[in-house]
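Here is a short report on one protein model. Keep the sequence and the 3D view open while reading.

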Amino acid sequence: MTPTGATSVPMAALTDVGRRREHNEDSLLAELPLLAVADGVGGSAKGEVASQRALEALGAIAGEVATAPSSQEAVRAMERAVLAANDAVHEAQARDPQLRGMATTVTAAVLRDGGEVIVGHVGDSRLYVISAAGARLATEDHSVVAELVRSGRIAPEDAAHHPQRNVITRAVGQDADISVDAFVLHVGPGDWLLACSDGLTEHVSDVELARAVLKSPHDPAAAVRRLVDQANERGGTDNITVLVAQPVPSDVSGELRIEQLEAAATTAQLRVPVASGAQADESGPLRAVETSGEIPVQLLTPQEEIDRRATLDARPYRAGDEAVRSTRVRRALLAVLVAVVAAGAGAFVWSQSYFLTERGDGRVGIDRGFPLLGLSARHRTSDVDVEELSRSDRDRLVRSHRLLGEADAERVLDDLAERSSSEERNGIATSS
Ligand code: MG
């Protein structure tokens, strides 16, 4: 129950038994450069033994992942580390009949320089990357329900209530040999990694995860506490484990990130604040930003109001309608005021938001604005070829349209340019 203290990387972790279980079968490990979560299964104390043994074995050789000379070798080392965890759990139950049937999920991340993260994953615990664009799931659930969704047999919205949602299809320790997901992930400045067991995501949505983390940029322990409390308030049906860390610092304030997150969510859901008419040369800076609202507000003069009523319901205007009319005018004025304020806030966030994208010429550049409805303008071009990026970079940095501050966007693009030219020289194909 004690949050792990921060080291050179801001981070915090918490595990909690929840409200319904007697044992906490989850385990966590937060010893840089390794961050790992394991959710044991098997009932009574067996799940606990499985998750602990797995993380001990993983931790013992995680150093090899950190020191591997290339990304590709680091990925192989991570796969070996998870397989070693599998051996440890599987052999323990072969030796002790009391432990038969135990297994565990493992979701592990090893932080390397330059925002490179090596992920090893088996089961339905999760790793997210949280930025101002929201929480993006980096791992794939190895569960019956996730497979039903992937094959199109059930809708994603039905997954959360499916009776088999807790049944996993892959687990560490189950068999002598298992298949491990191991891959490279790149995180940008200010991005947070969040690893958790399903006891958290059972009760807390992706948007809530992002909100909790971005709201406490200087106090990750408060963020993990809030998330565990939220899951418990909503039933705490399972053990809850959550771990957050920010591998690369950012000079963009946490306050701006949460504003961007809320603006992106609002713009996507309501299409309310719009900054339209932004005109810019492909290469040049923005000339002007005009704002307008999409809220359908009609402000009528008293005579127009009378005419409108006469047309709509063919009812003659009466003196008693005066009060109704003035209330309507007040409401309309208030709506206009709300629209103007919302549009102003939208325009401000618009002017502070940058994202990486490809505009049909195959080259990655930086756009300024929102990645929606054409509300962005080219800010910077580059020679980085989108086809030469690794799949994870493409998905993470170019297609996700995550919003960044200007300096961060510039840094990420410079980093991509640097990496794509060095990979060209070395012939390294980054696994993803
Ligand atoms: Mg669980």
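## A helix residue and its partners

Asp414 sits in helix α13, which spans residues 406-426. This is a predicted model. Is Asp414 buried, partly exposed or exposed? Its relative accessibility is 41%, so Asp414 counts as partly exposed. The side chain of Asp414 makes a polar contact with the side chain of Arg380, at 2.9 Å. Val384 is 30 residues away from Asp414 along the chain, and the two C-alpha atoms are separated by 9.3 Å.

## The whole protein

The protein has 13 helices and 18 strands. Of its 432 residues, 50% are buried. Take the contacts between residues at least 6 apart in sequence: 65% of them join residues at least 24 apart.

## The three-stranded sheet

One open sheet has three strands in the order β16-β17-β18, and the pairing is antiparallel. Its edge strands are β16 (354-358) and β18 (376-380), each of which pairs on one side only. From one strand to the next, the twist averages 45 degrees. Strand β17 covers residues 364-369 and is joined to β18 by four bridges. Across this pairing, Asp367 stands opposite Arg378 in β18.

## The five-stranded sheet

A second open sheet is built from five strands. In what order do they run? The order is β1-β11-β10-β7-β8, again with antiparallel pairing. The edges are β1 and β8 (134-137), and each pairs on one side only. Here the twist averages 20 degrees from one strand to the next.

Three pairings described above can be set side by side.

| Strand pair | Sense | Bridges |
|---|---|---|
| β1 (residues 11-16) and β11 (residues 240-245) | antiparallel | six bridges |
| β7 (residues 126-131) and β8 | antiparallel | four bridges |
| β17 (residues 364-369) and β18 | antiparallel | four bridges |

Individual partners can be picked out in the view. Asp16 of β1 stands opposite Ile240 in β11. Ile130 has Ala135 in β8 as its bridge partner.

Strand β1 deserves a look of its own. How many of its six residues are buried? Six of the six are, so the strand is described as mostly covered. In a regular strand, side chains alternate between the two faces of the sheet. In β1, Met11, Ala13 and Thr15 point one way. Ala12, Leu14 and Asp16 point the other way. Residues on both sides are buried.

## Two helices on the sheet

Helix α7 packs on the five-stranded sheet and touches β7, β8, β10 and β11. The direction of α7 makes about 60 degrees with that of β7. Helix α8 lies across β1, β10 and β11. Its direction runs at about 25 degrees to β1.

The two helices also meet each other. The axes of α7 (residues 206-215) and α8 (residues 220-233) come within 8 Å. They cross at roughly 150 degrees, and the crossing is right-handed. Which residues make the contact? From α7 come Glu208, Leu209, Ala212, Val213 and Lys215. From α8 come Ala223, Arg226, Leu227 and Gln230. By class, this contact has five nonpolar, one polar and three charged residues.

## The loop between the helices

Ser216 lies in the loop between α7 and α8. Its relative accessibility is 7%, so Ser216 counts as buried. Leaving out residues up to four places away in sequence, Ser216 touches Ala222, Ala223 and Arg226. Ala223 and Arg226 also take part in the contact of α8 with α7.

## A second buried serine

Where does Ser197 lie? It is in the loop between β10 (192-196) and α6 (198-201). Why does Ser197 count as buried? Because its relative accessible area is 0%, and the cut-off for buried is under 20%.

Neighbours within four places in sequence aside, Ser197 is in contact with seven residues: Asp26, Val37, Asp39, Ser125, Asn239, Ile240 and Thr241. With Asn239 there is a polar approach: the backbone oxygen of Asn239 lies 3.5 Å from a polar atom of the Ser197 side chain. Ile240 has a further role in the pairing described earlier, where Asp16 stands opposite Ile240 in β11.

How values were computed. Residues numbered from 1 in each chain as written. Predicted model: local features only at pLDDT ≥ 70, side-chain atom pairs only at ≥ 80, totals over all residues. Heavy atoms only, no water. Buried < 20%, exposed > 50% of the residue type's maximum accessible area, 1.4 Å probe, protein only. Polar contact = N/O pair within 3.5 Å; in protein donor to acceptor, adjacent residues only side chain to side chain. Contact = heavy atoms within 4.5 Å. Axes fitted to C-alpha atoms, helices over the stretch in contact; angles between N-to-C directions. Left-handed = near helix turned anticlockwise from the far one by under 90°. Nonpolar A, V, L, I, M, F, W, Y, C, P; charged D, E, K, R; others polar. Pairing = 2+ DSSP bridges.
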